[in-house]
Amino acid sequence: MSVTQQPLAWRPRENGPRRKALFVGICYAGTSSFLEMCHEDAWKIKDFFCKHYGFTDTPETIKVLMDAENTPESERPTKENIKAGIEWLVDEAIAGDSLLFYYSGHGSRVPNTNDREKDGYDEALCLVDMDQNGLLVDDELNEILVQPLPAGVQL
């Protein structure tokens, strides 16, 4: 009897579906854009998902990026670090996995340059290094967060 192998991305994991999450909290301390509770929002939502939805608080399954004082550079919510966090989040995702991307911070909109938006604007996330490296726009988020996912992954 011959068994047809499914592509690797469709094989179930030995330990069942995986849950991974990336939490981002940006308060913009010391700027005119200061937001008071973004760090607390991210921590509370993380705790909620761990308590009620089976997410495990380990470095392999949860990452938190914040602009809190004394945060290591690798854990600050820069454009590069958020993009790396998203790549980590979607890496090796297979059908049945549950992924969570949570962002607490400012958003904005910028003129759309590819004529795909009815209102003429892209929505964007405002990152701690946005003055140097720009905003993270919805098209880019779709490209790195949504498009790489195989069917059957919950985001």
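## Structural report on a predicted model

Phenylalanine 55 is buried, having a relative accessible area of 8%. In this report buried means under 20% relative accessible area, exposed means over 50%, and partly exposed lies in between (1.4 Å probe, protein chains only). The structure is a predicted model, in which local features need pLDDT of at least 70 and side-chain atom pairs count only at pLDDT 80 or more, whereas totals for chains, interfaces and linings use all residues. Residues are numbered from 1 along each chain as its sequence is written, and side-chain values use heavy atoms, with hydrogens and water left out.

**Aromatic cluster**

Phenylalanine 55 belongs to a cluster in which ring pairs link Phe48, Phe49, Tyr53 and Phe55. Rings of Phe, Tyr and Trp (its six-membered ring) are paired if their centres lie within 6.5 Å; planes under 30 degrees apart count as stacked, over 60 as edge-to-face and the rest as tilted. The structure holds 5 aromatic pairs. Among them, phenylalanine 48 and phenylalanine 49 form an edge-to-face pair, with 5.7 Å from centre to centre and 80 degrees between the planes. Phenylalanine 49 also pairs edge-to-face with phenylalanine 55, at 5.6 Å centre to centre and 90 degrees between the planes. Phenylalanine 48 is partly exposed, because its relative accessibility is 36%.

**Overall architecture**

The protein has 4 helices and 6 strands. Helices (H or I, at least four residues) and strands (E, at least two) are DSSP runs, numbered from the N terminus. Read from the N terminus on, the elements follow the order β-α-β-α-β-β-β-α-β-α. Along the principal axes, the C-alpha atoms fill a box of roughly 70 × 40 × 25 Å. Of the 155 residues, 36% count as buried.

A contact is counted when heavy atoms lie within 4.5 Å. Among contacts between residues at least 6 apart in sequence, 61% join residues at least 24 apart. The accessible surface of the protein comes to about 9,700 Å², and 50% of this area belongs to carbon and sulfur atoms. Accessible areas come from the Shrake-Rupley method with a 1.4 Å probe; for residues, only the protein chains shown count as cover.

**Charges and salt bridges**

The protein carries 15 positive and 27 negative charges, and the mean positions of the two sets are 6 Å apart. Lys and Arg count as positive and Asp and Glu as negative, while His and the chain ends are not counted. The place of a charge is taken as NZ of Lys, CZ of Arg, CG of Asp or CD of Glu.

A salt bridge requires a side-chain nitrogen of Lys or Arg within 4 Å of a carboxyl oxygen of Asp or Glu. By this rule the count comes to 5 salt bridges. Three of the pairs are listed below with their N to O distances.

| Acidic residue | Basic residue | N to O distance |
|---|---|---|
| Aspartate 97 | Arginine 18 | 3.7 Å |
| Glutamate 140 | Lysine 79 | 3.7 Å |
| Glutamate 140 | Lysine 83 | 2.8 Å |

The salt bridge of aspartate 97 with arginine 18 links distant parts of the chain, 79 residues apart. Aspartate 97 lies in the loop between helix 2 (79-90) and strand 3 (98-104), and arginine 18 in the segment before strand 1 (19-25). Both aspartate 97 and arginine 18 are buried.

Glutamate 140 forms a salt bridge with lysine 79. Since glutamate 140 lies in helix 4 (residues 138-146) and lysine 79 in helix 2, this pair ties together parts that are 61 residues apart in sequence. Glutamate 140 counts as buried at 18% relative accessibility, and lysine 79 counts as buried at 15%. Glutamate 140 also meets lysine 83 in a salt bridge. Lysine 83 lies in helix 2 and glutamate 140 in helix 4, so this pair ties together parts that are 57 residues apart in sequence. Lysine 83 is partly exposed, with a relative accessible area of 25%.

Elsewhere, Lys46, Asp47 and Asp57 are linked in a network of salt bridges.

**Backbone with positive phi**

Most residues other than glycine have a negative phi. Tyrosine 28, by contrast, has a positive phi near 60 degrees. Tyrosine 28 is placed in the loop between strand 1 and helix 1 (38-52), and counts as buried at 5% relative accessibility. Glutamate 92 likewise has a positive phi near 60 degrees. Glutamate 92 lies in the loop between helix 2 and strand 3 and is exposed, with a relative accessible area of 58%.
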